[in-house]
Amino acid sequence: MTKGDVTKQGVTVEERRKPRDAVDQILDQWHKERPDLDLSAMGVFGRLGQLSLLLTPALEEVFTRHGLRRGEFDVLAALRRSGPPYTLIPSALAKTLMLSRAGMTNRLDRLEAEGLVERRLDPTDRRSFHVALTTRGHRVVDAAVTDHAANESRLLSALTPDERETLDHALRTLLQTIE
């Protein structure tokens, strides 16, 4: 058999030489039982699911080191990304983070108790308030995002720059289609 020849399972010899994983074993079983089905999407979703299970703890470990939960980091990061004066209204934060107002209130309560954010009355409308990063919150989120970016790079280090770009493009296309 040459490189481009196809095996009975519809897989090229070249593909057969690639490292195999647990998802391949599941797909092999399905191919045997249901050769009539196109299972390529199942492989993609299986790997995405496995990656999520494996990557979530690796990402959250960084936040924990900085005394944060993932959701708290997200709030601090949204404030930090907003630029000076690092202040947003709660509804804008909730929309950015796709959270209910109740969920946002709980996060803000925890972050305020830790001295990472403060609520300030809106001087033009005393019925509303703004959420602002404190100096301590600014330091914590900057340190956390530095470690987070390094951790993400480390987690993707098995991919070449071209593979990362291809993966990023494919995921962006998929997200835009689904959204």
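1. Let's start with a spot that is easy to miss. Tyr-86 is buried, because its relative accessible area of 18% falls under the 20% cut-off. This is a predicted model, by the way, so read everything below in that light. You'll find Tyr-86 in the loop between helix 4 and strand 1. Its backbone is worth a look too: Tyr-86 isn't a glycine, yet its phi is positive, at about 55 degrees.

2. Stay in that loop for a moment. Pro-85 also sits between helix 4 and strand 1 (87–88). The peptide bond joining Pro-84 and Pro-85 is cis, with an omega of about 5 degrees.

3. Now hop over to Met-98, which lies in the loop between helix 5 (90–97) and helix 6 (101–113). Met-98 is another non-glycine with a positive phi of about 55 degrees. Is Met-98 buried or exposed? It counts as exposed, because its relative accessibility is 77% and the cut-off is over 50%.

4. Next up is helix 3, which runs over residues 40–65. Does its length add up, and what should 26 residues span? At 1.5 Å a residue the answer is 38 Å, and the end C-alpha atoms are indeed 38 Å apart, so the two agree. Even so, helix 3 isn't perfectly straight: there is a bend of about 30 degrees at Leu-55. A proline, Pro-57, follows within four residues of that bend. Just past the end of the helix, Gly-67 has a positive phi of about 75 degrees.

5. Which residues of helix 3 are buried? They are Gly-43, Leu-59, Val-62 and Phe-63. These buried residues pack against helix 2 (22–33), helix 4 (70–81) and helix 7 (135–155). A handy rule when you look at such a list: an α-helix has 3.6 residues a turn, so residues three or four places apart point the same way.

6. Helix 3 turns up again at the largest pocket, which holds about 1700 Å³ of space. The lining is made of 41 residues, and Val-44, Arg-47, Leu-48, Leu-51 and Leu-167 lie nearest the centre. Helix 3 gives the largest share of that lining, with 13 residues. Helix 1 (13–16), helix 2, helix 7 and helix 8 (161–178) each chip in at least two residues as well.

7. Finally, the bigger picture. An unreviewed UniProt entry annotates residues 41–176 as "domain: HTH marR-type". Over that stretch the chain is 70% helix and 12% strand. The C-alpha atoms at its two ends are 17 Å apart.

How values were computed
Residues are numbered from 1 along each chain as its sequence is written. This is a predicted model: local features need pLDDT of at least 70, side-chain atom pairs count only at pLDDT 80 or more; totals for chains, interfaces and linings use all residues. Side-chain values use heavy atoms; hydrogens and water are left out. UniProt positions are given in the numbering used here, feature names are shortened, and annotations may be inferred rather than shown by experiment. The expected span of a helix is 1.5 Å times one less than its number of residues. The bend at a residue is the angle between axes fitted to the seven residues ending there and the seven starting there. Buried means under 20% relative accessible area, exposed over 50%, partly exposed in between (1.4 Å probe, protein chains only). Contact means heavy atoms within 4.5 Å. On a 1 Å grid over the protein atoms alone, a cavity is a set of points where a 1.4 Å probe fits but cannot get out, and a pocket is an open set with protein on both sides within 12 Å along at least five of seven lines; lining residues have an atom within 4 Å of a point. Grid points are joined across faces, edges and corners, and a volume is the space filled by probe spheres set on the points.
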